[in-house]
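Trainee: I have just opened this entry and would like to go through it with you. Could we take the details one by one?

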Amino acid sequence: MRVLGHPTGRILLHREPFPFDFELIATEAARRSVYLEINASPERLDLGAAMIRAAKAKGCKFVISTDAHHPKHLPNIAYGVRMARRGWLEASDILNTRPLAEFKKAISK
């Protein structure tokens, strides 16, 4: 299993997203079965809703990450869930909403 983390590289109020062709990245991620990270850190919230919708339309799958550097950051997962919902994702689009056996199988690839 492969995940493209920090897909745009943005840090809100500090660093703009990297200049890149997101359509191409999403197309290749879908083709190569690379999951896209939805980063739930309030400093990132990376990917945005419009990019999530565009990537889903191309067949991409996702993981939601807290980007936790301390246990107190774990509740940030709620921000990632909200971003996924704003991107019109369903549980079936997100790896870490899968039943444990299915999740283990996916990460062992």
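**A walk through the model**

Mentor: Ala68 has a relative accessible area of 34%, so this residue is partly exposed. Please keep in mind that the model is a predicted one.

Trainee: Where does Ala68 lie?

Mentor: Ala68 belongs to the loop that runs between E3 and H3. Its C-alpha atom is 9.8 Å from that of Asn39, and the two residues are 29 apart in sequence.

Trainee: Which other residues are found in the loop between E3 and H3?

Mentor: Asp67 is one of them, and Asn76 is another, in the loop between strand E3 (62-65) and helix H3 (77-86). Asp67 has a phi near 55°, which is a positive value in a residue other than glycine.

Trainee: And Asn76, is that buried or exposed?

Mentor: Asn76 counts as buried, because its relative accessibility is 14% and the cut-off for buried is under 20%. The C-alpha atoms of Asn76 and Pro17 are separated by 21 Å, with these positions 59 residues apart along the chain.

Trainee: Let me step back. How many helices and strands are there in the protein chain?

Mentor: The protein chain has four helices and three strands. Read from the N terminus, their order is β-α-β-α-β-α-α.

Trainee: What about the overall dimensions of the protein chain?

Mentor: The C-alpha trace spans about 40 × 35 × 25 Å along its principal axes. The radius of gyration is 13 Å, and a compact globule of 109 residues would have a value near 13 Å, so the two agree. Buried residues account for 34% of the 109 residues.

Trainee: On to the loop between E2 and H2. What is the peptide bond from Asp46 to Leu47 like?

Mentor: That bond is cis, with omega near 25°. Leu47 has its place in the loop between E2 and helix H2 (49-57). Leu45 is in the loop between E2 and H2 as well, and phi of Leu45 is near 40°, a positive value in a residue other than glycine.

Trainee: Now the aromatic rings. How many aromatic pairs does a search of the whole structure find?

Mentor: The search finds one aromatic pair. The pair consists of Phe20 and Phe22, whose ring centres are 6.1 Å apart and whose planes meet at 75°, so it is edge-to-face.

Trainee: Why is that pair called edge-to-face?

Mentor: The planes of Phe20 and Phe22 are at 75°, and the label applies because planes over 60 degrees apart count as edge-to-face.

Trainee: Are those two rings on buried or exposed residues?

Mentor: Phe22 is buried, at a relative accessible area of 9%. Phe20 counts as partly exposed, at 30% relative accessibility.

Trainee: What sits over the ring of Trp88?

Mentor: The charged end of Arg53 does, 4.5 Å from the centre of the Trp88 ring.

Trainee: Changing topic to pockets. How much space lies in the largest pocket?

Mentor: The largest pocket holds about 300 Å³ of space. It is lined by 18 residues, and the closest to its centre are Tyr35, Lys61, Leu95, Ala106 and Lys109. By class, the lining divides into nine nonpolar, three polar and six charged residues.

Trainee: Which elements supply at least two residues of that lining?

Mentor: Helix H1 (22-32), strand E2 (34-39) and H4 each do. H4 gives the most to the lining of the largest pocket, with three residues.

Trainee: Tell me about one residue in H4. Is Lys105 buried or exposed?

Mentor: Lys105 is exposed, with a relative accessible area of 57%. Lys105 lies in helix H4, which covers residues 100-107. Its C-alpha atom is 9.4 Å from that of Met1, although the two are 104 residues apart along the chain.

Trainee: Last one: what is the volume of the second largest pocket, and which residues line it?

Mentor: The volume of the second largest pocket is about 160 Å³. Its lining includes His6, Ile11, Ser41, His69 and His73, and also Asp67 and Asn76 from our earlier discussion. By class, that lining has two nonpolar, six polar and three charged residues.

Terms used. Residues numbered from 1 in each chain as written. Predicted model: local features only at pLDDT ≥ 70, side-chain atom pairs only at ≥ 80, totals over all residues. Heavy atoms only, no water. Phe/Tyr/Trp six-rings, centres within 6.5 Å; stacked < 30°, edge-to-face > 60°. Buried < 20%, exposed > 50% of the residue type's maximum accessible area, 1.4 Å probe, protein only. Lys NZ or Arg CZ within 6 Å of the ring centre and 35° of its normal. 1 Å grid on protein atoms, 1.4 Å probe; cavity = no way out; pocket = protein on both sides within 12 Å on 5 of 7 lines; lining within 4 Å. Points joined across faces, edges and corners; volume = space filled by probe spheres on them. Nonpolar A, V, L, I, M, F, W, Y, C, P; charged D, E, K, R; others polar. Rg over C-alpha atoms; globule rule 2.2 N^0.38 Å.
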